[in-house]
Amino acid sequence: MSKQVKYLLEESEMPTAWYNVQADFATPLPPVIHPGTGKPIGPDDMASLFPMDIIMQEAAVGPYAGRFIDIPEEVYDIYRLWRPTPLIRARRLEKALDTPAHIYFKHEGASPVGSHKPNTAVPQAYYNKRAGTKRLATETGAGQWGSSVAFAAGYFGLEAKVYMVNISYQQKPYRRMMMEAYGANIVASPSQDTAAGRRFLAEDPNHTGSLGIAISEAIEDTVTTPHTKYAIGSVFNHVLLHQTIIGEEALRQMEKAGEYPDVVIGCVGGGSNFGGVALPFVRDKLKEGKTTRIIAVEPTAAPSLTKGIYTYDFGDTAQTTPLVKMYTLGSAFIPAPIHAGGLRYHAMAPILCKLYDEGVIEAVAVQQNPVFAAAVQFARTEAIIPAPESAHAIHIAIDEALKAKASGEKKVILFNLSGHGHFDMTGYQMYFAGQLEDYEYPVEEVHKAIAGLPKVMA
Ligand SMILES: *Cc1c(COP(=O)(O)O)cnc(C)c1O
């Protein structure tokens, strides 16, 4: 039996708990602030959006204050459809690069919807079902998250309504059909279905939309529709918590392979797949004195960590959410239409922002043409067509492997392949036709956007 098949059959690598990094923080995360009162929000302020288990996981309180949080049996059972995901050594890529580095990747594209996102969609649907929710509202950018919610909601007998960023709705009809196949309702955002959507459409009837606008619509839908709660695919602490299953598995699998990574790499949009693979290694760094380099890779078109400012901002464009301290480009940010749709968010997960601020993790921004070059090199060596988002991580993994070659170091590199790119072939087509533009978000725009935000004295 090949090693990989054996891995798939062995459940011992699949952890039974998520890792709560908040338990290991020396100082707590900055409080989330109510924009009206200027005071920290409490659980009741979130109760219209989320079930209480999710709220407590978000704040890491009550039964969710410990370092390890047991995965509910019903969730574990569904995870087992595709977990543990394979950890693969990219030997053919190593050979093509002629590098002494060992390159490993975690293949989250092996999930039914093709990315890491069901790792959190399933527990979110589960906790909602248990709390009596009948319907979930959510937004989606490239469609990976919408597909995951559609799939998970269906498993627990919940209705799902998905607000899909208009440009992706146009560019990715198959993602839309996939969500419909799983039984969800989809609408292009901005839509006529919410007051926020109608407002943006009045400004521009052909609005391409943004994740921030779609979030505003999904939140409005949630608070105005009975028995409805909101599901979010990234940024939030509870999402990163659920995603830590990636890194917990990777730790066990690397140990089996007899290696420990010198470098851990992931792409970042809102930060969930990167947080998922990285946080267990952050634990080793904080608690065991490991010196692992942990690198977040973002697009130059949406460079929240490398060019953003660490300050309080809204999570959405209509400025309806509480204020959260994040590295942000400003909530009014409308991103350039790059093909890594999942990386076009204006801010970043607060957990990652804190770790970046404290120098525990690093960040780098890359242009989309070299990203697609890396994607193609990976496809031609390792046979998997990566999502354009994931290819950001591949790009830096290749750079690190080439640096190892130049210095003769035997470096061990681990990156997260957050998803496959089967629904992203338009981006590949444009790359092959030489039609992809590189974008660099101007730093002056960030300062302008930040100037308009409310001041928080926390
Ligand atoms: C959504 C998505 C991302 C970006 O979101 P994160 O929360 O930063 O992980 C990256 N890769 C894929 C394949 C995605 O679907």
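**Salt bridges and a ligand between two domains**

Okay, let's start with charges: a search over the whole structure turns up 20 salt bridges. Keep in mind as we go that this is a predicted model. The general idea is familiar: side chains of opposite charge can pair when their charged atoms come close. I'll go through a few of the pairs, then move to the ligand, and finish with a couple of single residues.

First up, Arg 80 and Asp 77. They form a salt bridge, with the closest N and O atoms 3.9 Å apart. The cut-off for a salt bridge here is 4 Å, so keep that in mind when you look at this pair. As for exposure, Arg 80 has 40% relative accessibility and counts as partly exposed. Asp 77 is partly exposed too, at 47%.

Next, Glu 440 and Lys 307, whose side chains meet in a salt bridge at 3.5 Å, N to O. So what does this pair tie together? Glu 440 sits in the loop between helix H19 (425-432) and helix H20 (443-451), while Lys 307 belongs to helix H15 (residues 304-307), so the bridge links parts that are 133 residues apart in sequence. Lys 307 itself is partly exposed, with a relative accessible area of 24%.

Then there's Lys 403 with Glu 400, where the closest N and O atoms are 2.9 Å apart. Both of these residues are in helix H18 (residues 388-407), three residues apart, which is about one turn of the helix. Is each partner buried or exposed? Lys 403 comes out partly exposed at 45% relative accessible area, whereas Glu 400 counts as buried at 3%. And this pair has company: salt bridges with shared partners join Arg 293, Glu 362, Glu 400, Lys 403 and Lys 411 into one network.

Right, on to the ligand. Where does it lie? Domain 1 (45-63 + 116-237) and domain 2 (87-114 + 243-450) both contribute residues to the shell around the ligand, so the ligand lies between them. There are 18 residues around it, and the ones that come nearest are Lys 117, Ser 234, Gly 269, Ser 272 and Ser 418. By type, the shell splits into four nonpolar, twelve polar and two charged residues.

Now for the polar contacts, if you want to pull them up on screen. The side chain of Lys 117 has an N or O atom 2.6 Å from an oxygen atom of the ligand. For the side chain of Ser 272, the distance from an N or O atom to a ligand oxygen is 2.7 Å. With the side chain of His 116, a ligand oxygen is 3.1 Å from an N or O atom. And how much of the ligand does the protein cover? On its own the ligand has 380 Å² of accessible area, and the protein covers 97% of that.

Last bit, two single residues. Thr 138 is in strand S5 (residues 135-140), and this residue is buried, with a relative accessible area of 0%. A polar atom of the Thr 138 side chain lies 2.6 Å from the backbone oxygen of Ala 231. Gly 132 lies in the loop between helix H6 (118-130) and S5. Gly 132 is partly exposed, at 37% relative accessible area. One more distance to leave you with: Gly 132 and Lys 95 are 37 residues apart along the chain, and their C-alpha atoms are separated by 53 Å.

Terms used. Residues are numbered from 1 along each chain as its sequence is written. This is a predicted model: local features need pLDDT of at least 70, side-chain atom pairs count only at pLDDT 80 or more; totals for chains, interfaces and linings use all residues. Side-chain values use heavy atoms; hydrogens and water are left out. A residue is near a molecule or strand if one of its heavy atoms lies within 4 Å of it. A polar contact is a pair of N or O atoms within 3.5 Å; within protein, one must be able to donate a hydrogen and the other to accept it, and residues adjacent in sequence count only if both atoms are side-chain atoms. Accessible areas come from the Shrake-Rupley method with a 1.4 Å probe; for residues, only the protein chains shown count as cover. Ala, Val, Leu, Ile, Met, Phe, Trp, Tyr, Cys and Pro count as nonpolar, Asp, Glu, Lys and Arg as charged, and the others, Gly among them, as polar. Domain bounds come from an automatic or database domain assignment. Buried means under 20% relative accessible area, exposed over 50%, partly exposed in between (1.4 Å probe, protein chains only). Helices (H or I, at least four residues) and strands (E, at least two) are DSSP runs, numbered from the N terminus.
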